[in-house]
Amino acid sequence: MKQGIHPEYRKVVFLDTSSDYKFLTGSTKTSEETIEWEDGNTYPLIRVEISSESHPFYTGKQKADKAGGRVDRFKKKYNLG
């Protein structure tokens with residue numbers, strides 16, 4: 001690897017703010033905020049809005065944004081059904 005052109009790779013903690021799920025992994029992301037992990041070490045904390053703990057694909061709890069298809073919406077809009 002060419003020296004001096006790659007960002008520093010370090011251990012960081014990602015926090016899913018929607019479910020308070022935390023996990024330790026390697027990343028090049030940086031943060032001024034830190035957290036003490038279970039092993040007693042302090043790591044940078046990266047806050048994320050969604051992770052495998054809260055994403056509908058992984059949880060199996062998908063929310064239906066639209067009820068019905070185009071025909072159902074048309075009928076509802078024009079009071080036909």
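**Reading a small predicted protein, step by step**

Me: Strand S1 is mostly covered, with five of its seven residues buried. What does "buried" mean here?

Reply: A residue is buried when its relative accessible area is under 20%, exposed when that area is over 50%, and partly exposed in between (1.4 Å probe, protein chains only). In the whole protein, 16% of the 81 residues count as buried.

Me: What kind of model is this, and how are its residues numbered?

Reply: It is a predicted model, with residues numbered from 1 along each chain as its sequence is written, and its side-chain values use heavy atoms, leaving out hydrogens and water. Local features need a pLDDT of at least 70 and side-chain atom pairs count only at pLDDT 80 or more, while totals for chains, interfaces and linings use all residues.

Me: What is pLDDT, and which elements have the lowest and highest means?

Reply: It is the predictor's confidence in each residue, from 0 to 100. Where it is low, the predicted coordinates should not be read in detail. The mean here is 84, and 81% of the residues reach 70 or more. Among the elements, helix H1 (residues 56-59) has the lowest mean, 62, and strand S3 (residues 34-36) has the highest, 95.

Me: How many helices and strands are there?

Reply: The labels come from DSSP runs: helices are H or I runs of at least four residues, strands are E runs of at least two, and both are numbered from the N terminus. This protein has two helices and four strands, and along the sequence they follow the pattern β-β-β-β-α-α.

Me: In what order do the strands sit in the sheet?

Reply: First, the general idea: strands of a sheet pair through backbone hydrogen bonds, either parallel or antiparallel. Two strands are called paired if DSSP finds at least two bridges between them. Here four strands make an open sheet in the order S2-S1-S4-S3, with mixed pairing. S2 (21-27) and S3 are the edge strands, each pairing on one side only.

Me: Which pairings does S1 make with S4 and S2, parallel or antiparallel?

Reply: With strand S4 (residues 42-48), strand S1 (residues 10-16) pairs in the parallel sense over four bridges; Val13 stands opposite Leu45 in S4. With S2, S1 pairs in the antiparallel sense over seven bridges; there, Val12 has Thr25 as its bridge partner. S1 and S2 form a hairpin with four residues between them. In that turn, Asp20 has a positive phi of about 60° although it is not a glycine. At 60% relative accessibility, Asp20 counts as exposed.

Me: Which residues make up the largest nonpolar core?

Reply: A nonpolar core is a set of buried Ala, Val, Leu, Ile, Met, Phe, Trp, Tyr and Cys residues joined through side-chain atoms within 4.5 Å. The largest one here has six residues: Val13, Leu15, Ile35, Trp37, Tyr43 and Leu45. S1 and S4 each supply at least two residues of this core. Follow Leu45, using contact in the sense of heavy atoms within 4.5 Å. Leaving aside neighbours within four places in sequence, the contacts of Leu45 include Val13, Leu15 and Ile35.

Me: How many aromatic pairs are there?

Reply: Rings of Phe, Tyr and Trp (its six-membered ring) pair if their centres lie within 6.5 Å; planes under 30 degrees apart count as stacked, over 60 as edge-to-face, and the rest as tilted. The count comes to three aromatic pairs by this rule. In one of them, the rings of Phe14 and Phe23 have centres 5.6 Å apart and planes at 15°, so they are stacked. In another, Tyr21 and Phe23 are tilted, at 5.8 Å centre to centre and 35° between the planes. Phe14, Tyr21 and Phe23 form one aromatic cluster. Phe14 is buried at 14% relative accessible area, while Phe23 is partly exposed at 28% and Tyr21 is partly exposed at 31%.

Me: And helix H2: is it largely covered or largely in the open?

Reply: Of the eight residues of H2 (residues 70-77), the number buried is zero, so this helix lies largely in the open. Just after H2, Asn79 has a positive phi of about 55° although it is not a glycine. Asn79 counts as exposed, at 73% relative accessibility.
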